[in-house]
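Here are my notes on the model you sent, set out as numbered points. I begin with one aromatic residue and its partner, and move outwards from there.

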Amino acid sequence: MQLRARHIARNVLFNWFGTVANMAVGFFLSPFILHRLGNIAFGVWTLAVSVVGYMSLLDLGMQNSVLRFVSQGHIKKDHQSASEAISAALWVRVQISGLIILLSAGLAAVFPLVFKIPPDLVSDAQKAIILIGATNAIFMSVGVVGGVLSALNRYDLQNSIVLLQTAVRVIGVVIVLRSGHGIVAIALCELVAVMIGSFFQVWIARRLYPELRMQMNKPKRETLRKIWSYSSYVFLTSVAVLLVYQTDNLVVGAFVSTTAVTFYAIANNLCRYVTQVVGSMGNTFMPAASTYEAAGDSAGLLMLYKNGTRATLAVSLPILITLILRGPAFIGLWMGPQYAHSSGIVLIILSIPLIFAFANRTPTAIAFGVEKHKTTAQWAIGEGVANLILSVVLVRRYGIYGVAIGTMVPSLVAQLVLWPGYISKLVGLSRSEVLWRVWAPMFLAIVPFAIATYTVGVLFPARNLTIFFLQVIATLPVFLITVGLVFRAYVRKELLPRVRSLFFAEARI
């Protein structure tokens, strides 16, 4: 069990490394892009990315299917089944990639008819959409092969490729923007970066799993049925995610203005960065849950839920509390004082439901890992539809704040009403145990940190980002000490021995 725990922790750390690097790039690159392009062009770029982003739905949830079935085939040495699964997914997604290119051309044609695009940016917006579509098409087809790295738990190699791809993209974007180019050049940089990353994904995957045979022949009907029985509900979840994160920008662009998209996107992007950090943990819990289920280890599954949820909240709560209490000030220092008020209020509204969404991130991964994600997918699609309807209704009266409220309300209902009861069926805990034994200790531990954060923000307003981050770092020990006190028995009996075992094992190696 200790070895398994160390393996999970190792994967989490590698995922964190890649995610933090991407976040750092987005954090420092976003202001640069915004100020080089201006509010209007940045809003157009955000709309273009959001519109084409819907084409990721055409994945049909197959990426998760590849991860599950290739992982099972590799562990059981059933290379034939693994090869059939990935070949079927590749066969489908190559055809989908061709469809994406055609749809991108159609979207480019109607884009200026749907959104309020300045005439001088129409041509650039259309070209950018076509390039973004080509990027998605490559990612759609080659991404199947990249899923092999996740299936084999080689998150170190996977994140190395991501870092290389990110470096190529950043260098390219900085060069083209400093040379006076616009959104078309940015889209071209994205395309080149994905092509380079895709090449290395294929090369490494073939070396890691040489027994895997990928063919472009029409797959067996049984194989397609097996993949679809799993991926169909992953697809519904993907639809819900896009309805929540991408539709907001489109609603703002359609009912308010292109400039307003920039103000909303600043807050939305910050929430997305936090979600990426938490998601990088949850991604490693899914194959771990599959392993526990295959071994019939219900106790291990329960422990994964408890420790995974506590770890997720330990990482996410300090970030979210800081954004809620000091978000407007942070945005003012990050993007400029003109964005502090409007984007800051949106950030506060969007951050509140994330507290409870992250509390349920581990059971979500477990549900996918043990193929009990049908119910959660239905909830997710219901949340996404409710989000869209409420956002359209409220935007007319409250503007971008109404869109944010339309996102917050359905999420709170799903996370607080539906999920606690489902968790009891998933891992064998009652609703009261979920709330009081898993959630409550972490929420209690964050209270002193919240008080310290608010006090520092009021008494010592930060004048630049360096001071802001130093203040956050200075208050973070308050949370760590409180967590140590709340879980002092666990730290003494479980955590410290595992840490010692990890370091001693590394020393022997």
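1. Tyr 422 is a reasonable place to start: in this predicted model, its relative accessible area is 13%, and it therefore counts as buried, the limit being under 20%. Its partner Trp 419 is likewise buried, with a relative accessible area of 6%. The two rings form an edge-to-face aromatic pair, with 5.6 Å from centre to centre and 85° between the planes. Both residues belong to helix 15 (residues 400–427), where a spacing of three residues separates them by about one helical turn.

2. Turning to the aromatic pairs in general, the count for the model comes to 14. One of them joins Phe 199 and Phe 200, whose ring centres are 5.3 Å apart and whose planes stand at 80°, so this pair is edge-to-face. Phe 199 is exposed, with a relative accessible area of 53%, whereas Phe 200, at 28%, is partly exposed. Elsewhere, ring pairs link Phe 330, Trp 334, Phe 468 and Phe 469 into a cluster.

3. As for the overall architecture, the protein has 18 helices and zero strands. Of its 509 residues, 52% count as buried, and the accessible surface comes to about 22700 Å², with 67% of that area belonging to carbon and sulfur atoms. Among the contacts with a separation of 6 or more, 85% are made by residues 24 or more positions apart in the sequence.

4. Which residues have the most contacts inside the largest nonpolar core? They are Phe 111, Tyr 305 and Trp 334, in a core that has 117 residues. Helix 10 (residues 258–294) gives the most to this core, contributing 18 residues. A second core, separate from the one just described, has 15 residues and includes Ile 86, Val 148, Leu 149 and Leu 212. Trp 334 deserves a second look, since the name appears both among the residues with the most contacts in the largest core and in the ring cluster with Phe 330, Phe 468 and Phe 469.

5. The surroundings of Phe 111 can be given in more detail. Setting aside neighbours within four places in sequence, Phe 111 is in contact with Val 44, Leu 47, Ala 48 and Val 51, and also with Ile 117, Ala 125 and Ile 129.

6. How many salt bridges does the count come to? The answer is two. In one of them, Arg 169 and Glu 190 have their closest N and O atoms 3.8 Å apart, which lies inside the cut-off of 4 Å. Arg 169 lies in helix 6 (residues 155–178) and Glu 190 in helix 7 (residues 183–208), so this pair ties together parts that are 21 residues apart in sequence. Glu 190 is partly exposed, with a relative accessible area of 22%.

7. The other salt bridge brings together the side chains of Arg 437 and Glu 433, at 3.1 Å from N to O. Both residues lie in helix 16 (residues 431–459), and being four residues apart there, they are separated by about one helical turn. Arg 437 is partly exposed at 45% relative accessible area, and Glu 433 also counts as partly exposed, at 24%.

8. The loop between helix 6 and helix 7 holds Gly 180. This glycine is exposed, with a relative accessible area of 63%. Gly 180 and Leu 37 are 143 residues apart in sequence, while their C-alpha atoms are 9.3 Å apart in space.

9. Finally, I would draw attention to a nonpolar patch on the surface, formed by Leu 325, Tyr 454, Val 458, Leu 459 and Phe 460, which together have about 530 Å² of accessible area. Helix 16 provides the largest share of the patch, with three residues. Val 458 lies in that helix, and at 49% relative accessibility Val 458 counts as partly exposed. As background for reading this point beside the one on the cores, nonpolar side chains in soluble globular proteins tend to be buried together.

Conventions. Residues numbered from 1 in each chain as written. Predicted model: local features only at pLDDT ≥ 70, side-chain atom pairs only at ≥ 80, totals over all residues. Heavy atoms only, no water. Helix = DSSP H or I, 4+ residues; strand = E, 2+ residues; numbered from the N terminus. Buried < 20%, exposed > 50% of the residue type's maximum accessible area, 1.4 Å probe, protein only. Contact = heavy atoms within 4.5 Å. Areas by Shrake-Rupley, 256 points an atom, 1.4 Å probe, with all protein chains shown as cover. Core = buried A, V, L, I, M, F, W, Y, C linked by side-chain atoms within 4.5 Å. Patch = residues over 30% accessible without salt bridge, like charges linked within 9 Å, V, L, I, M, F, W, Y side chains within 5 Å. Phe/Tyr/Trp six-rings, centres within 6.5 Å; stacked < 30°, edge-to-face > 60°.
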